[in-house]
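Hello,

Here is the structure I promised to pass on to you. Please open it first, and then read on for what turned up in it.

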Amino acid sequence: MKIEKVHTILYVENQEQSTKFYERILGRNADLNVSGMSEFRISNDFVLGLMPNSGIEKILRNETPNPSTGTGIPRCELYLYVDDLIKVYSEIKALNIKIISPLEERNWGDCCFYFSDPDGHIIAFAKKI
């Protein structure tokens, strides 16, 4: 099997609020923003989607716990490598987004910092040391 593209979808409580948040931290508008799904093409091989909890509930049909019961609890980590980490760190701080773990060198060979989105998903921006 060859995976050609990665499309990760985060379940969110409020699609409009989350879309605006990601537009702010990514510095661009969503590539797709329709009722039930917003998408950001992060790279040629990776698309980040935002789907309302109510949309995925229809698909899951009570076969798993309802995603809305986990809103605010860290459920995933979005780890993004950037070319100018210092600039990105300054921009995120200027947006008054609470930094969970400050910019610092990590023992795995990256320099990075962590924060969260309105639904508690953890986001890290990083650069290889």
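In which sense do strand 6 and strand 7 pair, and over how many bridges? Strand 6 and strand 7 (residues 110–116) are antiparallel, with four bridges between them. Here two strands count as paired if DSSP finds at least two bridges between them. Helices (H or I, at least four residues) and strands (E, at least two) are DSSP runs, numbered from the N terminus.

A word on the source: this is a predicted model, in which local features need pLDDT of at least 70 and side-chain atom pairs count only at pLDDT 80 or more, while totals for chains, interfaces and linings use all residues. Residues are numbered from 1 along each chain as its sequence is written, and side-chain values use heavy atoms, with hydrogens and water left out.

**The open sheet**

Strands 6 and 7 belong to an open sheet of four strands, in the order 5-8-7-6, with mixed pairing. At its edges are strand 5 (77–81) and strand 6 (99–105), each pairing on one side only. From one strand to the next the twist averages 15°. Helix 1 (residues 15–26) packs on this sheet and touches strand 5, strand 7 and strand 8 (122–128); contact means heavy atoms within 4.5 Å. The direction of helix 1 makes about 15° with that of strand 8, where axes are lines fitted to C-alpha atoms, for helices over the stretch in contact, and angles run from 0 to 180 degrees between N-to-C directions. As for single residues, isoleucine 99 has phenylalanine 115 in strand 7 as its bridge partner.

**The cores**

The largest nonpolar core holds 23 residues, and Tyr22, Ile25, Ile92, Phe113, Phe115, Ile123 and Phe125 have the most contacts inside it. Such a core is a set of buried Ala, Val, Leu, Ile, Met, Phe, Trp, Tyr and Cys residues joined through side-chain atoms within 4.5 Å. Buried means under 20% relative accessible area, exposed over 50%, and partly exposed in between (1.4 Å probe, protein chains only). Elements giving two or more residues to this core include strand 1 (6–12), strand 4 (46–52) and helix 3 (85–94). Helix 3 gives the most, with four residues. Apart from this core lies another one of five residues, among them Cys112, Tyr114, Ile122 and Ala126.

Not every residue of helix 3 is covered, though: isoleucine 86 is found in this helix and counts as exposed, because its relative accessibility is 54%.

**The rings**

There are nine aromatic pairs, counting rings of Phe, Tyr and Trp (its six-membered ring) whose centres lie within 6.5 Å; planes under 30 degrees apart are stacked, over 60 edge-to-face and the rest tilted. Phenylalanine 113 and phenylalanine 115 are a stacked pair, because their centres are 5.8 Å apart and their planes are at 20°. Phenylalanine 113 is buried, at 0% relative accessible area, and phenylalanine 115 is buried at 0% as well. Ring pairs join Phe21, Tyr22, Phe40, Tyr89, Phe113, Phe115 and Phe125 into a cluster.

**Around strand 4**

Is strand 4 mostly covered or mostly exposed? It is mostly covered, with seven of its seven residues buried. Strand 1 runs parallel to strand 4, joined to it by seven bridges, and leucine 10 stands opposite leucine 50. Strand 3 (residues 37–43) pairs with strand 4 in the antiparallel sense over five bridges, and the two form a hairpin with two residues between them. Within this pairing, phenylalanine 40 stands opposite leucine 48.

Happy exploring!
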